[in-house]
Every structure is written in C-alpha cells, then in structure tokens.
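Work through the exercises below with the sequence and the structure side by side, and try each task before you read its solution.

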Amino acid sequence: MKREEKQQMIAQMSDVFKKAKLVVVVHNNGLSMPQTTALRNAIRADGANYKVAKNRLAKLALAGTPCESMADLLTGPTGIAYSEDEIAASRAVVKMAKESDKFVIVGGVMNGEKIDAAKVQQLAALPSLDGLRGKLVGLLQAPAGQLARLAKAYSEKEQAA
C-alpha cells in the first residue's frame, strides 16, 4: 500500500471514529472471504458498518478521537463494526458471534467510553429506538382508549336514563 493510500485510509478511519457513537472491535480469526462478505451484508442490514483494519493504521487514526481509549484492543486479526446508533453495531456483531466461533467480540467504545465484550452483549439485548418508540406510543394510547370507553359508557348511561 502506498503512502498516499495509507494517509487516505487513516483519514477515513479517523472520520469514522469521530462520528460513530458505537465502535466494536472483533477478532475475525480464520473467516473466509464468503463469510466476511456475508458478515458485511448482515451488519449493513442491521444499520451498521464493518471494516477489516490494519492495527497500526487504526491506532494512528484513533489519535485525537473519542475512541482513543480502545487502542489496546487492536491486536491480532481485527475487524471494526461501527454505527451512528448506540445499538446497531452491537446487535450485528453479537448475532455473528453466535453463528461463528471464529468471530470473537473484544470490546469497544460507546460515546467515548471504553466498554468490554459483556457490555456489548448487554447493548445487543436492548430494544431498538424504533421499538422503544412503539412501546411508548402504545403506553400513551392505552390510557386514552380507556378514558374514551369510560366517557362513552357514561354518555350511554345518561341517554338511557
């Protein structure tokens, strides 16, 4: 890889580390190319992105970003899943880790705070933002529906009298 390509890659990765709310570091030891392609497609379907990273370049890209604290996680065959949503990347990598023993979650950074693999698992178990919105709307509609039924029953009672 030429020097200009390395500098461009570092700039792109630095931009990712600045914008992403969640970055998860994984070891993808022994994944074949078709498996890696399937992994990328699955992660994109969950609303996240995945990049196989050269550790030295990734460490250079981390400098001055909120993800700087995860530099020690970049060892061995490393992949980086990231998303601008706090949950999407975690859900995608946990799903892949369950499907393949060659894919191991190491840890990551969420909103500038370093997290371990157990925290990534916990994040994946949380409902999505859309799911939470749906639950909230349901909770708000339930009392309104009960109030409407009560008002209708009261008006019917008065009409009958």
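**Exercise 1: A serine in a helix**

Leaving out residues up to four places away in sequence, find which residues serine 14 touches, and decide whether serine 14 is buried or exposed.

Solution. In this predicted model, serine 14 touches Ala61 and Thr65 once residues up to four places away in sequence are set aside. Next, locate serine 14 itself, which has its place in helix H1, residues 3–19. Finally, take its relative accessibility, which is 12%, and compare it with the cut-off for buried residues, which is under 20%; serine 14 therefore counts as buried.

**Exercise 2: One face of a helix**

Determine which residues of helix H3 are buried, and how they are arranged around the axis of H3.

Solution. Begin with helix H3, residues 55–62, where Asn55, Leu57, Ala58, Ala61 and Leu62 are buried. Looking down the axis of H3, one finds these buried residues within an arc of 160 degrees, so they line one face of the helix. As a last step, ask what they pack against: the partners of the buried residues of H3 are H1, strand S2 (49–53) and strand S3 (78–83).

**Exercise 3: Two helices crossing**

Describe how H1 and H3 are placed relative to each other, and name the residues that make the contact.

Solution. The axes of H1 and H3 come within 8 Å, and they cross at roughly 55 degrees. Since angles from 65 to 115 degrees count as roughly perpendicular and those under 35 as roughly parallel, H1 and H3 are oblique to each other. The handedness of the crossing of H1 and H3 is right-handed. On the H1 side the contact is made by Lys6, Met9, Ile10, Met13, Ser14 and Phe17, and on the H3 side by Arg56, Leu57, Ala58, Leu60, Ala61 and Leu62.

**Exercise 4: The largest nonpolar core**

Identify which members of the largest nonpolar core touch the most other members, and which element supplies the largest share of this core.

Solution. The largest nonpolar core has 22 residues, of which Val24, Ile43, Val93 and Phe103 touch the most other members. Strand S1 (22–28), helix H2 (33–45), helix H4 (88–99), strand S4 (103–110) and helix H5 (117–125) each contribute at least two residues to this core, and the largest share, six residues, comes from H4. To follow one member, take valine 93, which, leaving aside neighbours within four places in sequence, is in contact with Val24, Val26, Ile43, Ala81, Phe103, Ile105 and Val120.

Methods. Residues are numbered from 1 along each chain as its sequence is written. This is a predicted model: local features need pLDDT of at least 70, side-chain atom pairs count only at pLDDT 80 or more; totals for chains, interfaces and linings use all residues. Side-chain values use heavy atoms; hydrogens and water are left out. Helices (H or I, at least four residues) and strands (E, at least two) are DSSP runs, numbered from the N terminus. Buried means under 20% relative accessible area, exposed over 50%, partly exposed in between (1.4 Å probe, protein chains only). Contact means heavy atoms within 4.5 Å. A nonpolar core is a set of buried Ala, Val, Leu, Ile, Met, Phe, Trp, Tyr and Cys residues joined through side-chain atoms within 4.5 Å. The arc is that of the directions from the helix axis to the C-beta atoms. Axes are lines fitted to C-alpha atoms, for helices over the stretch in contact, and angles run from 0 to 180 degrees between N-to-C directions. Angles under 35 degrees count as roughly parallel, over 145 as roughly antiparallel, 65 to 115 as roughly perpendicular and the rest as oblique. A crossing is left-handed if the near helix is turned anticlockwise from the far one by less than a right angle, and right-handed if clockwise.
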